[in-house]
Amino acid sequence: MIKGKDIIVMGIQAWDIEIGSNCKNIAIEMAKNNRVLYVNPPLDRSSLKREKHTEKIKKRIRVKQGKENDLVKIDFNLWNLYPKTMTESINWIPFHGVFKILNKRNSRTFAKDIKSAMDRLGFEDILLFNDSSMFLGFHLKEFLSPKWYTYYMRDYLIRVPYWKKHGERMEPQLIKKADTVVNNSILYTEYGAQYNPKSFMVGQGCDVSLFNDEDRGIKVPEEFQNIPKPILGYVGYLTSMRLDISLLEHLAKERKDWSIVLVGPEDEDFRKSVLHEIDNVYFLGGKDGSELPAYVKGFDVAMNPQLVNDWTIGNYPRKIDEYLAMGKPTLATSTKAMEMFKNHVYLASSKEEYIALAEKALSENSKELIDERIGFAKSHTWENNVLAIYEAIKNSA
């Protein structure tokens, strides 16, 4: 346990992001025993032009003009910084040398805002935790002189076009600079270890309290009454970038006695897919997050039929923790990220394996397996995740 320290958490997601954020959860957990400053990414010129009518950008303009405080207290030991100065949007620049020069200037401006907040809060001997900000975070070790610099990887960002352009060269250099590299996937840990031997797998936290059927007595929605069992189901955004439509078609056509239930909004490819023409495939539409445990309860087997690509191969599947927390037999595509789940999840590498393992999952379910799944999911708390990060930092010293 690390206690009584001053910690700065910064990354690519702002505190006022509309969706859940690993980085925010980590900051909240760290703030239970330390003083923590969570730094938002600064306003950049492209975002100002593109989103100037949104409240999010209007707030940053008010902060820039001095009409609102840049430093906001979130909780007893937790503050949020809205950087006052604006950075230039430079990722379009094709010449890497020019990009590096301008990126250093952006980083210096960003660091001045952070230093100002540090001075006001009396932060000293800081621990700097950088959540994947490979550009603005590249020079912060030299500009802020932290006692310890930790780089956190939880997505394969250099496979994303925006980050790939300059990140393929810069992220490895940043990893070398870091005192500790922590990762939520075996794939990212191996990638980090190529450049820094102090690269550690720390897993990920997940708040599964909503998916607690033991205490909440969750009821299956009435929509399931007319759906024949057994039911193989998925909850989440239905997008062809991450999910294998052809695999779902194969399952439905090969086993017409199974019902394939898909819960969530669809992208254009899913809306136009032949899945809508198959009698034993049921689309139940998007649901509020609070309703999802009830839909998972209606499944006989929960699935994550994802494609294996640069977007998915290393991603930690929080959805799996939610399925397991409900005690459900869970079937998923085998990837590096899924290796840590291999004792509790049926992992398939082909369409044929999906069918064979679904049959196995349906036939061997038991109270003992249900309890093991729930216990495993409950072990993935944010407290345990942050403890693993602290342990990685101590092992790097």
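**Exercise 1. Charges over rings**

Over which ring does the charged end of Lys177 sit? Find a second case of this kind, at Arg159.

Solution. The model is a predicted one. Step 1: start from Lys177, whose charged end sits over the ring of Phe138, 3.9 Å from the centre of that ring. Step 2: turn to Arg159. Its charged end sits over the ring of Tyr156, and here the distance to the ring centre is 4.9 Å.

**Exercise 2. Cysteines**

Count the disulfides, and say how Cys23 and Cys206 stand to each other.

Solution. Step 1: a disulfide needs two cysteine sulfur atoms within 2.5 Å. By this rule the count is zero. Step 2: for Cys23, the nearest cysteine sulfur is that of Cys206, 16 Å away, and Cys23 is in no disulfide. Step 3: the search from Cys206 leads back to the sulfur of Cys23, again at 16 Å, and Cys206 is likewise in no disulfide. Step 4: check accessibility, where under 20% relative accessible area means buried. Cys23 has 1% and therefore counts as buried. Cys206 has 4% and is buried.

**Exercise 3. The sheet**

Give the strand order of the eight-stranded sheet, and find its edges and the helices that lie across its strands.

Solution. Step 1: the order is β3-β4-β2-β1-β5-β6-β7-β8, in an open sheet with mixed pairing. Step 2: the edges are β3 (71-75) and β8 (199-201); each has a single partner strand, so one side of each has no neighbour in the sheet. Step 3: from one strand to the next, the twist averages 25°. Step 4: take one pair in detail. Strand β1 (residues 6-11) runs parallel to strand β2 (residues 35-39), and five bridges join them. Asp6 stands opposite Arg35 in β2. Step 5: add the helices. Helix α7 (residues 186-193) lies across β6 (148-153), β7 (180-183) and β8, and its angle to β8 is about 170°. Helix α15 (residues 382-396) lies across β1, β5 (127-131), β6, β7 and β8, at about 150° to β7.

**Exercise 4. Aromatic pairs**

How many aromatic pairs does a search of the whole structure find? Describe the pair Trp15 and Tyr38, then the pair Tyr162 and Trp163.

Solution. Step 1: the search finds 13 pairs. Step 2: a pair of aromatic rings is described by the distance of the centres and the angle of the planes. For Trp15 and Tyr38 these are 5.0 Å and 75°. Planes over 60 degrees apart count as edge-to-face, and this pair is edge-to-face. Step 3: place the two residues. Trp15 is in the loop between β1 and α1 (22-30), whereas Tyr38 is in strand β2, so the pair ties together parts 23 residues apart in sequence. Trp15, at 14% relative accessibility, counts as buried. Tyr38 also counts as buried, at 1%. Step 4: the rings of Tyr162 and Trp163 are 5.0 Å apart, centre to centre, with 85° between the planes, which is edge-to-face. Tyr162 has 44% relative accessibility and counts as partly exposed, whereas Trp163 has 13% and counts as buried. Step 5: extend the view to the cluster, in which Phe99 and Phe135 join Tyr162 and Trp163.

**Exercise 5. Lys367**

Is Lys367 buried or exposed, and where does it lie?

Solution. Step 1: Lys367 belongs to helix α14 (residues 367-378). Step 2: its relative accessibility is 59%, so Lys367 counts as exposed. Step 3: along the chain, Lys367 and Gly327 are 40 residues apart, while 8.9 Å separates their C-alpha atoms.

Definitions and conventions:
Residues numbered from 1 in each chain as written. Predicted model: local features only at pLDDT ≥ 70, side-chain atom pairs only at ≥ 80, totals over all residues. Heavy atoms only, no water. Buried < 20%, exposed > 50% of the residue type's maximum accessible area, 1.4 Å probe, protein only. Pairing = 2+ DSSP bridges. Helix = DSSP H or I, 4+ residues; strand = E, 2+ residues; numbered from the N terminus. Axes fitted to C-alpha atoms, helices over the stretch in contact; angles between N-to-C directions. Contact = heavy atoms within 4.5 Å. Phe/Tyr/Trp six-rings, centres within 6.5 Å; stacked < 30°, edge-to-face > 60°. Lys NZ or Arg CZ within 6 Å of the ring centre and 35° of its normal.
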